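Me: I would like a close look at one part of this structure, the space enclosed inside it, together with the helices that pack around one another. Please take it step by step and name the residues as you go.

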Amino acid sequence: DGYTLIVNSVGPMAVNTTLYGKLPYNPMTDLVPIVQIADVPNVLIVNPSVPAKTMEEFLAYAKANDGKLNYGSTGVGTSSHLSSFMLGKRAGFSATHIPYKGSTPALNDLMGGQVDVVFDTLPATQPFIKGGRLRALAITTAQRNAAIADVPTATEAGLKGFEVSSMFGLLAPAATPKDVIARLSSAMRDIMAMPEVKDALAAQGAAAVYTSPEEARLAIRDEVARWSKIIKDANIKPD
């Protein structure tokens, strides 16, 4: 009805447009961004049995075992999958991709030793990292995250500029009146400034963000271009 809202992430908004080719929606024309509300980093995690305690040690281990390691992901074309592809291409090693349907089965098999390494979001992995069941080697944001402050960024670990995060935002149908979008944007600015909102997101490993509708639109446009190149370079196809 023009007033229905959706909270969505980088996958449906940026990745799927290239991955699936033809979708029943166009994120750039059928939806209008109201605000970007959070950035969620990915974390490179391994089973504690993997003989690598740092990113540098892991890359040396992966190169020495080129083609022998398995990496899990939360699904084909997810940021989990694409981050792993980017790492292998950047560092110069190959590994077998094992796609799962979501974080839970991927992390379960990582803890069980069925796969060697996984990129997944900080909110999904944080309990297992803190509980010692998984070892975090690097986080994929420009700065460290307070939730796991002892884990270095990928740049600090030697991969300069290796930054990946899942962007979450609030959107509405394109037909939504501009004054409604402006009113919602103003309300969200106040909400995202609330300490309890920031703290709730931070506790999950997410960074609170506020952008204008135009800034959110440009961010989505840039993410579409970025992930389109990666998917095409990797020749990634949906299941």
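Reply: A good place to begin is the lining of the largest cavity, where β7 gives the most, with five residues. Please keep in mind throughout that this is a predicted model. The structure holds one cavity of 30 Å³ or more, and the volume of the largest cavity is about 90 Å³. Its lining is made up of 13 residues, and those that lie nearest the centre are Met167, Phe168, Gly169, Leu171 and Ile220. At least two lining residues come from each of β1 (6–9), β2 (31–46), β7 (165–173) and α8 (213–234). Sorted by class, the lining has nine nonpolar and four polar residues, and no charged residues.

From the cavity one can follow α8, which supplies at least two residues of that lining, to its contacts with other helices. Ile220, one of the residues nearest the centre of the cavity, is also among the α8 residues that meet α1. The axes of α1 (residues 10–19) and α8 come within 8 Å and cross at roughly 40°, and the two helices are therefore oblique to each other. The crossing in which α1 passes α8 is right-handed. On the α1 side the contact is formed by Val10, Met13, Ala14, Val15, Thr17, Thr18 and Leu19, and on the α8 side by Ile220, Glu223, Val224, Trp227, Ser228, Ile231 and Lys232. The residues of this contact of α1 with α8 comprise nine nonpolar, three polar and two charged.

A second helix, α3 (residues 79–91), packs with α8 at an angle of about 65°, with the axes 11 Å apart. That angle makes α3 roughly perpendicular to α8, and the crossing of α3 and α8 is left-handed. Here Leu82, Phe85, Met86 and Lys89 in α3 meet Arg226, Trp227, Ile230, Ile231, Asp233 and Ala234 in α8. By class, the contact of α3 with α8 has seven nonpolar residues, three charged residues and no polar ones. Trp227 and Ile231 of α8 take part in the contact with α1 and also in the contact with α3.

One further pair of helices can be set beside these. The axes of α4 (residues 103–112) and α5 (residues 122–130) come within 11 Å and cross at roughly 30°, and α4 and α5 are therefore roughly parallel to each other. The crossing of α4 and α5 is right-handed. Ser103, Leu107 and Met111 in α4 meet Ala124, Thr125 and Phe128 in α5, and this contact of α4 with α5 has four nonpolar and two polar residues but no charged ones.

To return to the starting point, α8 supplies at least two residues of the cavity lining, meets α1 through residues including Ile220, and meets α3 through residues including Ala234.

How values were computed. Residues are numbered from 1 along each chain as its sequence is written. This is a predicted model: local features need pLDDT of at least 70, side-chain atom pairs count only at pLDDT 80 or more; totals for chains, interfaces and linings use all residues. Side-chain values use heavy atoms; hydrogens and water are left out. On a 1 Å grid over the protein atoms alone, a cavity is a set of points where a 1.4 Å probe fits but cannot get out, and a pocket is an open set with protein on both sides within 12 Å along at least five of seven lines; lining residues have an atom within 4 Å of a point. Grid points are joined across faces, edges and corners, and a volume is the space filled by probe spheres set on the points. Helices (H or I, at least four residues) and strands (E, at least two) are DSSP runs, numbered from the N terminus. Ala, Val, Leu, Ile, Met, Phe, Trp, Tyr, Cys and Pro count as nonpolar, Asp, Glu, Lys and Arg as charged, and the others, Gly among them, as polar. Axes are lines fitted to C-alpha atoms, for helices over the stretch in contact, and angles run from 0 to 180 degrees between N-to-C directions. Angles under 35 degrees count as roughly parallel, over 145 as roughly antiparallel, 65 to 115 as roughly perpendicular and the rest as oblique. A crossing is left-handed if the near helix is turned anticlockwise from the far one by less than a right angle, and right-handed if clockwise. Contact means heavy atoms within 4.5 Å.
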